[in-house]
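Thank you all for coming; I would like to take a few minutes to walk through one model with you. Please have a look at the sequence and the structure as they come up.

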Amino acid sequence: MADKDPHWYLDDNKPSMRMWVFSQMAAGAGWGALVFFGVILFIFALIAISALLPEDPFAALETGASYASALV
């Protein structure tokens, strides 16, 4: 660590501010896309689950009660 030049900013091979800004913006866009598609996937999962469920939530209870009364 001590062998580094303390005046690195005077050299010609200094890090580019444009490259740093681009990398930060690209990382932010990547995270934004990940969150966006995660929310879309979550919404589609809820739609798929709701398609499997009956429209009347008490219909299953009434059907079970009618089967039980028929057996008894």
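I will begin with the chain as a whole and then turn to one part of its surface.

Please keep in mind that this is a predicted model, and that every value I quote is computed from it. The chain has 2 helices and 0 strands, and of its 72 residues, 0% count as buried. About 7000 Å² of the chain is exposed, and 73% of that area is supplied by carbon and sulfur atoms.

Which residues form a nonpolar patch on the surface? They are Val-35, Phe-36, Phe-37, Val-39, Ile-40, Phe-42, Ile-43, Phe-44, Leu-46 and Ile-47, and together they have about 1000 Å² of accessible area. One of them, Val-39, lies in helix α1, which covers residues 17–52; Val-39 is classed as partly exposed because its relative accessible area is 44%, a value in between the limits of 20% and 50%.

Searching the whole structure for aromatic pairs turns up 1. That pair is made by Phe-36 and Phe-37, whose rings meet edge-to-face, at 5.2 Å centre to centre and with 70 degrees between the planes. Phe-36 is partly exposed, at a relative accessible area of 49%, whereas Phe-37, with 55% relative accessibility, counts as exposed.

Methods. Residues are numbered from 1 along each chain as its sequence is written. This is a predicted model: local features need pLDDT of at least 70, side-chain atom pairs count only at pLDDT 80 or more; totals for chains, interfaces and linings use all residues. Side-chain values use heavy atoms; hydrogens and water are left out. Patches are made of residues with over 30% relative accessible area and no salt bridge: like charges are joined within 9 Å, nonpolar side chains (Val, Leu, Ile, Met, Phe, Trp, Tyr) within 5 Å. Accessible areas come from the Shrake-Rupley method with a 1.4 Å probe; for residues, only the protein chains shown count as cover. A salt bridge is a side-chain nitrogen of Lys or Arg within 4 Å of a carboxyl oxygen of Asp or Glu. Helices (H or I, at least four residues) and strands (E, at least two) are DSSP runs, numbered from the N terminus. Buried means under 20% relative accessible area, exposed over 50%, partly exposed in between (1.4 Å probe, protein chains only). Rings of Phe, Tyr and Trp (its six-membered ring) pair if their centres lie within 6.5 Å; planes under 30 degrees apart count as stacked, over 60 as edge-to-face and the rest as tilted.
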